[in-house]
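Colleague: I would like to learn how to read a structure one feature at a time. Could we start with a pocket and then go on to strands and a helix?

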Amino acid sequence: ILGVVSTNALELGIDIGTLDVCIICGYPGTIASTWQQSGRAGRRNSVSAAFIVAGSSPLDQYIVSNPAYILEKSPEHGLINPDNLVILHSHLKCAAFELPFEDGEKYGVETTAEMLAAMEESKFVRHVGRRWHWSSDAFPSEQISLRSASSDNFIIIDTTDQSKHRVIGETDRFSAPMLVHEQAIYIHEGQQYQVEKLDYDDRKAYVTKVNVDYYTDANLAVDMKVIDVFRERENGGISISSGEVRVTALVTMFKKIKLYTHENIGYGRVNLPETEMHTSSYWVSLPENMEITVGRNALQDGLIGLSNLLSNTAPIYLMCAPGDINVVYQVKAPFTFLPTIYIYDSCPGGVGFSDKLYELHDELFEAARGMITTCTCVEGCPSCVGPLNVFSGAGDPKKTALKVIDMILER
């Protein structure tokens, strides 16, 4: 074998020991993954080379502008939240299936007895004597997804061959409205499929093969409600908090984006119910006079640009993909009554990303500042604050975003 083109799941029965060069298309997202992929070359020889070909995303541009980040820092630590109620509930069901719980026995949390009592109300376990016995006829591990916290997934069915339908994939309930709404373009193993029908009640999306020169991008309207504040502190006039939030999301429309040129060539409406998720979040609130200082439209542009920066900066510290978190801004948040940016975990219940960002507040905004100052554009571009067509045109979004960052860092 002279060369291999593959995803990052390369070593599936292929002898690649004689490869000398590894070319990585785009930053993999973590230092650990970068070194792992680089190590696919040079296994039998003394010298090898690894190249990273950067894309235009802010994260890629930050990495190539700051190579010491990869070459001098230690790999990341994976984050978990063992108290995530969604995941813990599934573990409790599997544990009870294997062996009855004794009264007073704890499983990860102090509230084990309360959780078992709730499971008894749902007919999963039965309390007899001093033991909690599994009483359902279901096999609990079958209901657990290895890809997401929720087991309530949508399956994607290829109906191109009417005589033989086949399942080609699945997606979680919270991602389904964005990925498999009707007329969406779904890509599987390099093949394009168009969603012909979404059966929301039965959790099934029916797709057929197509060959088109565009992809679809859904527009998500998000409403945030703070349920509980776990930690908060003041830093000058800046309020920094973390806690539990309820996220209500509604896909309202989708755009058809032309491949390569990324032109908007059309749009369509989406009529699906709202999805609701409880998760953890970290948020930063700006002073009330910020709107008066820069103007409402300019402030909104600055928050849009900063949101784009943070969505690409945060994964540097979290060992996650950009899609594992979401960033939402509010010019006047209902909870704080202040200009506020929320970063929340995409996983129901949260997996610890928000707590980590609360602790790394200064480092996060220093990295965002580095991204914006090293970018050579004048007023903003996709490699820093985002494409200019998303802004109101009221001012310089790059300058406003930098002003907001400097205020947060007290510069």
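Modeller: Begin with the lining of the second largest pocket: its largest share, five residues, is supplied by strand β1 (residues 21-25). Keep in mind throughout that this is a predicted model.

Colleague: How is empty space found, and how much space lies in the second largest pocket?

Modeller: A probe the size of a water molecule is rolled over the atoms, and this shows where empty space is left. Here the second largest pocket holds about 480 Å³.

Colleague: Which residues lie nearest the centre of that pocket?

Modeller: Val4, Ser6, Cys22, Ile23 and Ile24 do, out of 19 lining residues. By kind, the lining has 12 nonpolar residues, six polar ones and one charged.

Colleague: Now the strands. What should I know about side chains in a strand, and in what order do the strands of the five-stranded sheet come?

Modeller: In a regular strand, side chains alternate between the two faces of the sheet. The open sheet of five strands runs β7-β6-β10-β9-β8, and its pairing is mixed. Its edge strands are β7 (166-172) and β8, each of which pairs on one side only. On average, neighbouring strands in this sheet are turned by 35° against each other, direction ignored.

Colleague: How many bridges join β9 to its partners β8 and β10?

Modeller: Strand β8 (residues 185-188) pairs with strand β9 (residues 191-199) over four bridges, in the antiparallel sense. One bridge pair there is tyrosine 186 with tyrosine 193 of β9. The two strands form a hairpin with two residues between them, and glutamate 189 in the turn has a positive phi of about 55°. Between β9 and strand β10 (residues 204-209) there are six bridges, again antiparallel. Lysine 197 has tyrosine 206 in β10 as its bridge partner.

Colleague: Which strands stand at the edges of the three-stranded sheet, and what does that leave?

Modeller: That open sheet has the order β3-β5-β4 with antiparallel pairing. β3 (101-102) and β4 (125-128) are at the edges with a single partner strand each, so one side of each has no neighbour in the sheet. Four bridges connect β4 to strand β5 (residues 131-134), and valine 128 stands opposite arginine 131 in β5.

Colleague: Last, how do I read a helix, and which residues of α11 are buried?

Modeller: An α-helix has 3.6 residues a turn, so residues three or four places apart point the same way. Helix α11 (residues 361-374) has 14 residues and spans 20 Å from its first C-alpha to its last, close to the 20 Å expected. Its buried residues are His361, Leu364, Phe365, Ala367, Ala368, Arg369, Gly370, Met371 and Ile372.

Definitions and conventions:
Residues numbered from 1 in each chain as written. Predicted model: local features only at pLDDT ≥ 70, side-chain atom pairs only at ≥ 80, totals over all residues. Heavy atoms only, no water. 1 Å grid on protein atoms, 1.4 Å probe; cavity = no way out; pocket = protein on both sides within 12 Å on 5 of 7 lines; lining within 4 Å. Points joined across faces, edges and corners; volume = space filled by probe spheres on them. Nonpolar A, V, L, I, M, F, W, Y, C, P; charged D, E, K, R; others polar. Pairing = 2+ DSSP bridges. Expected span 1.5 Å × (residues − 1). Buried < 20%, exposed > 50% of the residue type's maximum accessible area, 1.4 Å probe, protein only. Axes fitted to C-alpha atoms, helices over the stretch in contact; angles between N-to-C directions.
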